[in-house]
Amino acid sequence: MALQTLSLNKSYGGTQGVYRHASRETQTDMTFSVYVPGHREGTKLAAVWYLSGLTCTHANVTEKGEFRSACAEHGLIFIAPDTSPRGEGVPGDPANSYDFGLGAGFYVDATEAPFSRNYRMWSYVTDELPKLVAEHFPVDPGRQSIMGHSMGGHGALTAALRHPGRYRAASAFAPVVAPSRVPWGIKALGGYLGNDKAAWRKHDTVALIEDGARFREFLVDYGDADQFLTEQLRPELLQVACEKAGIPLTLRRQSGYDHSYYFISSFMSDHLHWHAQRLKA
C-alpha cells in the first residue's frame with residue numbers, strides 16, 4: 001500500500017512523522033501521524049493507538065498531546081488517525097454542526113445514504129490502517145493497545161471490547177461511554193446507522209458490556225469541570241456496567257480539569273506508563 005510522507009521531525013531521539021494514503025474504505029485520502037522512538041534496527045516495538053474526539057484531526061494530539069517523552073522512555077510507537085473522511089464530495093452535516101459529519105465520524109461504518117460511501121471509520125481504524133502501519137513501521141503485532149478522547153474514547157473502548165485479543169490495554173480521557181443514551185451519540189448513530197437500535201449497541205461501550213463483551217481492565221480519567229460531563233459523558237454508567245460484569249475499572253475524577261488538551265496532556269504520560277506496563281514483552 002502506497003504511503004506519502006508529509007513531514008518528518010526528530011523528537012526525543014525518535015521520529016515524528018505525518019503521512020497520507022489513499023483509503024479504500026473511505027474512498028478519500030487519509031492523513032495520520034506516527035511517532036517512532038529511537039530503537040535498534042530490526043527491533044519490533046509495542047504500539048499505542050490513539051483515537052481523537054469531535055472536530056479533531058491527527059494534528060490535535062500530535063501537536064498538543066505531549067506524548068513523545070513518555071513514548072521515548074518506554075519504547076512505544078504512537079499512532080494517531082484522523083476522525084473522519086475529508087475532501088471534495090464528502091458529505092457533511094447539512095446544518096454545518098460540529099457533532100456530525102466532517103470531523104465526527106464516530107468510528108462506525110455508516111449504512112445510511114449519503115454517508116455510507118465514505119464514512120467507514122470502524123473498518124478504517126480496525127482493519128485498513130493497522131495493515132498499512134504494519135507494512136511500513138516496526139510494530140510488534142502482539143503488543144498493541146488503544147486509547148482515546150471523548151468520541152475517540154468511545155471508539156477506543158468499543159474497539160477493545162470487540163477485539164479483546166488484539167489489544168493488551170485500553171484507556172480513555174473523558175469518553176462517551178453510552179452514545180445510545182446521550183445527544184451526541186443519538187444524533188451520530190441515528191444519522192450513520194439509521195433506526196436499527198441493535199446496530200447501535202455494537203458501538204456503545206455500556207451496551208456491549210451489557211450484551212456480554214469483556215475486556216481485562218480499563219483506565220478512565222475525566223475532569224469534574226468538564227462542560228460535557230453530565231449530559232454527554234455519563235461515566236457513572238460505565239462504572240455500573242463494569243461492576244455488574246466484573247470488569248476492573250480504574251475511574252478517576254480529576255478535580256478542576258475540563259475537556260481540553262490541557263487535561264489530556266496533564267495525564268498522558270500517566271496513561272502511557274500504565275499501557276507500557278501491560279505491553280511488556
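Start by selecting helix α3 (residues 121-136): this helix bends by about 35° at L129, and a proline, P130, follows within four residues. The bend is the angle between axes fitted to the seven residues ending at a residue and the seven starting there. Helices here are DSSP runs of H or I with at least four residues, strands are runs of E with at least two, and both are numbered from the N terminus.

A word on what you're looking at: this is a predicted model, where local features need pLDDT of at least 70 and side-chain atom pairs count only at pLDDT 80 or more, while totals for chains, interfaces and linings use all residues. Residues are numbered from 1 along each chain as its sequence is written, and side-chain values use heavy atoms, with hydrogens and water left out.

**Stay on α3**

Colour the buried residues of α3, among them W122, Y124, L129, P130 and V133. Buried means under 20% relative accessible area, exposed means over 50%, and partly exposed is in between (1.4 Å probe, protein chains only). Now show what covers them: β2, β3, β4, β5, β6 and α4 (151-162) are included.

Next, pick D127 and R24, which form a salt bridge with their closest N and O atoms 3.1 Å apart. A salt bridge needs a side-chain nitrogen of Lys or Arg within 4 Å of a carboxyl oxygen of Asp or Glu. R24 sits in the loop between β2 and β3 (29-36), so this pair ties together parts that are 103 residues apart in sequence. D127 is partly exposed at 26% relative accessibility, and R24 is partly exposed too, at 42%.

**More charged pairs**

The whole structure holds 17 salt bridges. Try R143 and D140, whose closest N and O atoms are 2.9 Å apart; R143 is buried, at 15% relative accessible area. Then jump to R181 and E210, with 3.0 Å between the closest N and O atoms of their salt bridge. R181 is in the loop between β7 and α5 (183-193) and E210 is in helix α7 (residues 205-210), 29 residues apart. Both count as partly exposed, R181 at 43% and E210 at 47%. Finally, select R24, E25, D109, R120, D127 and K131 together: salt bridges that share partners join them into one network.

**On to α5**

Which residues of α5 are buried? Select W184, G185, A188, L189, Y192 and L193 to see them. They lie on the same side of α5, because they cover an arc of only 105° around the axis, an arc taken from the directions from the helix axis to the C-beta atoms. Their cover includes α6 (197-201) and α8 (229-233). Just after α5 comes G194, with a positive phi near 80°.

**Finish at the sheet**

Show the strands. Nine of them form an open, mixed sheet in the order β1-β2-β3-β5-β4-β6-β7-β8-β9. Two strands pair if DSSP finds at least two bridges between them. At the edges, β1 (4-11) and β9 (249-254) each pair on one side only. β1 runs antiparallel to β2 (residues 14-22), joined by seven bridges; K10 has T15 in β2 as its bridge partner.

Now add helix α9 (residues 235-245), which lies across β8 (218-223) and β9 and runs at about 155° to β9. Axes are lines fitted to C-alpha atoms, for helices over the stretch in contact, and angles run from 0 to 180 degrees between N-to-C directions. Last stop: helix α10 (residues 261-279) packs on the sheet, touching strands including β4 (45-51), β5 (76-80) and β6 (139-149). Contact means heavy atoms within 4.5 Å.
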